[in-house]
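Here is a guided look at one protein chain, written for someone who likes to have the coordinates open while reading. Please load the structure and follow along.

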Amino acid sequence: MSDTTPVDRPADEQITERGSNRSQRPTSEAFKQFITSQWGPRQDLGVTPGRAAPFTAARRARLSARFPGTRLVLPAGPLKQRSNDTDYRFRPHSAFAHLTGFGTDQEPDAVLVLHPTAEGEGDGGSHHHAVLYVRPLAPRDTEEFYADARYGEFWVGARPTLDDVTTTTGVEARHVDELREALAKDVGADGVQVLVIAEADDEITAVIEAIRTEAGTEESASDDALAEAASELRLVKDELEIELMREAVDRTIDGFAEVVRALPRAVEHRRGERVIETTFDAHARLEGNTVGYETIAAAGEHATTLHWITNDGVVRSGEMVLLDAGVEIDELYTADVTRTLPVDGEYTDVQRRIYTAVLDAADAAFAVAKPGAKFRDIHAAAMEVIAARLEEWGLLPVSAEESLSPEGQQHRRWMVHGTSHHLGLDVHDCAQARREMYLDGVLEPGMVFTIEPGLYFKADDLAVPEEYRGIGVRIEDDVLVTADGNENLSAALPRRPEDVEAWMARVRA
């Protein structure tokens with residue numbers, strides 16, 4: 001007997017099928033008949049129209065106006081494998097969530113399609129009729145009910161019915177099995193183009209590419225235009241989105257207080273940064289959906305690494321910890337807040353000096369963040385302060401004026417990142433927007449973004465005095481542009497060093 005051919009496996013078994021070898025699920029007819037019988041009526045889930053429905057309808061209408069005559073395909077995306085046959089917790093693609101109102105772990109493999117109509121005959125007088133293609137709740141006399149680990153009620157709980165989906169979203173719902181035919185209808189012959197958010201679901205994108213090839217329209221497709229439009233649609237938040245952003249920020253601030261309470265325990269643990277991370281992450285999971293991004297819990301010199309998420313370091317008395325964290329609420333909107341906290345509750349003189357310089361830069365950025373200014377003006381204002389402070393401290397090899405010139409930029413050695421980014425469903429929201437709409441865009445009421453200057457002096461940086469080395473400071477707030485200026489949504493979390501110290505003392509007491 002060959003030692004390379006197992007005796008209990010068919011010789012022609014495909015490797016992709018071998019994961020089921022461990023299954024001990026019964027397959028007898030008697031089992032099938034028994035498990036699919038003697039069930040009472042399903043419990044009424046009490047589905048009601050979602051509060052997002054009127055807002056998502058308006059968002060779809062705005063998108064429709066940019067693409068008359070074009071079929072628009074926005075997938076929720078599939079489950080993503082974590083390891084072998086286990087998946088990550090599902091999160092729908094942000095464009096899908098924005099246009100349907102679905103959040104949390106709803107609805108893997110669903111696809112929103114805006115079908116073109118004659119002008120004015122679409123939903124609400126738009127150019128399109130929206131349909132949600134989903135996999136609905138399976139009847140209990142089907143194998144999917146008990147045997148399908150991806151959709152089965154025994155495995156993942158009861159799914160909504162088509163009527164449930166329509167009631168919740170205000171969008172017609174149809175079975176996902178109808179999707180392929182619906183996508184291909186009239187493509188090519190009558191000039192219908194199909195655009196898709198290509199990054200959201202590789203399988204859906206492949207189906208659409210096949211349809212285009214069959215219809216001979218692949219050369220005319222420009223999926224980037226849809227991704228761009230869906231991204232720009234979120235640059236100005238509506239009334240509901242602003243409410244949800246406030247909620248995300250408030251829950252995030254509560255999480256920072258939980259971290260302050262946990263600092264003594266962090267100092268005692270060999271992985272104190274993990275104490276901080278898990279404290280905040282547990283709060284985010286309890287009070288929201290999860291964290292909006294991997295928590296940065298950077299103590300000591302780790303604070304000079306901008307995206308330090310390993311979080312395995314010690315937390316030492318006398319040092320600071322940079323906490324960059326945000327709660328993502330169930331509707332998937334996230335905050336993004338940073339504070340650099342003294343572990344013992346009081347800043348040293350050097351820490352306070354660096355912290356105050358960063359705070360002054362943030363205040364300068366706030367001063368220009370008002371309607372009519374350009375988004376890039378926020379960064380420029382912060383950099384003027386950063387360069388001036390570095391010049392005062394004798395760290396720049398040139399004057400602040402020379403450093404601020406495009407040919408200089410020496411001050412950026414100690415702050416290589418930008419000062420602001422848009423915020424919403426994604427922590428770096430609206431990332432596919434055109435430059436003229438984002439970086440060169442004019443600020444409007446309803447825009448939400450961060451202001452987050454910093455200074456980072458690495459432990460081996462010989463260009464700075466020894467007392468500065470190993471210190472990293474960032475202060476980040478979430479900002480709403482209003483009709484006459486701006487509102488700091490995270491203002492309830494103290495910013496000034498003396499206020500931070502007083503707040504930490506109150507929280508610990």
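The report below goes from the whole chain to its helix contacts, its hollow spaces and a few individual residues.

## The chain as a whole

Please keep in mind from the start that this is a predicted model. The chain has 509 residues, of which 49% count as buried. Its secondary structure comprises 15 helices and 17 strands. Measured out along the principal axes, the C-alpha trace spans about 80 × 65 × 50 Å.

How do the contacts spread along the sequence? If you take the contacts between residues at least 6 apart in sequence, 71% of them join residues at least 24 apart.

## Helix α15 and its two partners

A good place to zoom in is helix α15, residues 497–508. Two packed helices are described by the angle between their axes and the distance between the axes. With helix α12 (residues 349–368), the axes of the pair come within 10 Å and cross at roughly 110 degrees. An angle of 65 to 115 degrees counts as roughly perpendicular, so α12 and α15 are described in that way. On the α12 side, the contact is made by Arg352, Tyr355, Thr356 and Leu359, and on the α15 side by Pro497, Glu498, Val500 and Glu501. Sorted by class, this contact has four nonpolar, one polar and three charged residues.

The other partner to look at is helix α10, residues 239–268. Here the axes of α10 and α15 are 9 Å apart, and the packing angle is about 75 degrees. This pair is therefore roughly perpendicular too. From α10 come Phe256, Ala257, Val260, Arg261, Leu263 and Pro264, and they meet Trp503, Met504, Val507 and Arg508 of α15. The class count for the contact of α10 with α15 is eight nonpolar, no polar and two charged residues.

## A cavity and a pocket

How many cavities of 30 Å³ or more does a search of the whole structure find? There is one, and the space in this largest cavity comes to about 30 Å³. You can find it by selecting its lining: Leu137, Ala138, Glu144, Phe145, Tyr151, Gly152, Glu153, Gly157 and Arg159. In terms of class, that lining has four nonpolar, two polar and three charged residues.

For an open space, turn to the second largest pocket, which has a volume of about 670 Å³. It is lined by 25 residues, and those closest to its centre are Tyr88, Arg89, Phe90, Arg91 and Glu328. Helix α11 (272–287) and strand β8 (290–291) each supply at least two residues of the lining. By class, the pocket lining has eleven nonpolar, five polar and nine charged residues.

## Alanine 299 in strand β9

Alanine 299 sits in strand β9, which covers residues 296–299. Is this residue buried or exposed? Its relative accessibility is 5%, so alanine 299 counts as buried, the cut-off being under 20%.

Its surroundings are worth a closer look. Neighbours within four places in sequence aside, alanine 299 is in contact with Glu273, Val314, Val315, Met320 and Val321. The C-alpha atoms of alanine 299 and leucine 341 are 9.3 Å apart in space, with the two positions 42 residues apart in sequence numbering.

## Backbone details in the loops

Some backbone features deserve a visit as well. Between glutamine 106 and glutamate 107 there is a cis peptide bond, with omega at about -25 degrees. Glutamate 107 belongs to the loop between α3 (94–100) and β4 (111–116).

The loop between α14 (400–404) and β13 (448–451) contains glutamine 409. This residue is not a glycine, yet its phi is positive, near 70 degrees. With a relative accessibility of 29%, glutamine 409 counts as partly exposed. Cysteine 430 is also in the loop between α14 and β13. Although cysteine 430 is not a glycine, its phi is positive at about 60 degrees. What is the accessibility class of cysteine 430? It counts as buried, because its relative accessibility is 0%.

Notes:
Residues are numbered from 1 along each chain as its sequence is written. This is a predicted model: local features need pLDDT of at least 70, side-chain atom pairs count only at pLDDT 80 or more; totals for chains, interfaces and linings use all residues. Side-chain values use heavy atoms; hydrogens and water are left out. On a 1 Å grid over the protein atoms alone, a cavity is a set of points where a 1.4 Å probe fits but cannot get out, and a pocket is an open set with protein on both sides within 12 Å along at least five of seven lines; lining residues have an atom within 4 Å of a point. Grid points are joined across faces, edges and corners, and a volume is the space filled by probe spheres set on the points. Ala, Val, Leu, Ile, Met, Phe, Trp, Tyr, Cys and Pro count as nonpolar, Asp, Glu, Lys and Arg as charged, and the others, Gly among them, as polar. Helices (H or I, at least four residues) and strands (E, at least two) are DSSP runs, numbered from the N terminus. Buried means under 20% relative accessible area, exposed over 50%, partly exposed in between (1.4 Å probe, protein chains only). Contact means heavy atoms within 4.5 Å. Axes are lines fitted to C-alpha atoms, for helices over the stretch in contact, and angles run from 0 to 180 degrees between N-to-C directions. Angles under 35 degrees count as roughly parallel, over 145 as roughly antiparallel, 65 to 115 as roughly perpendicular and the rest as oblique.
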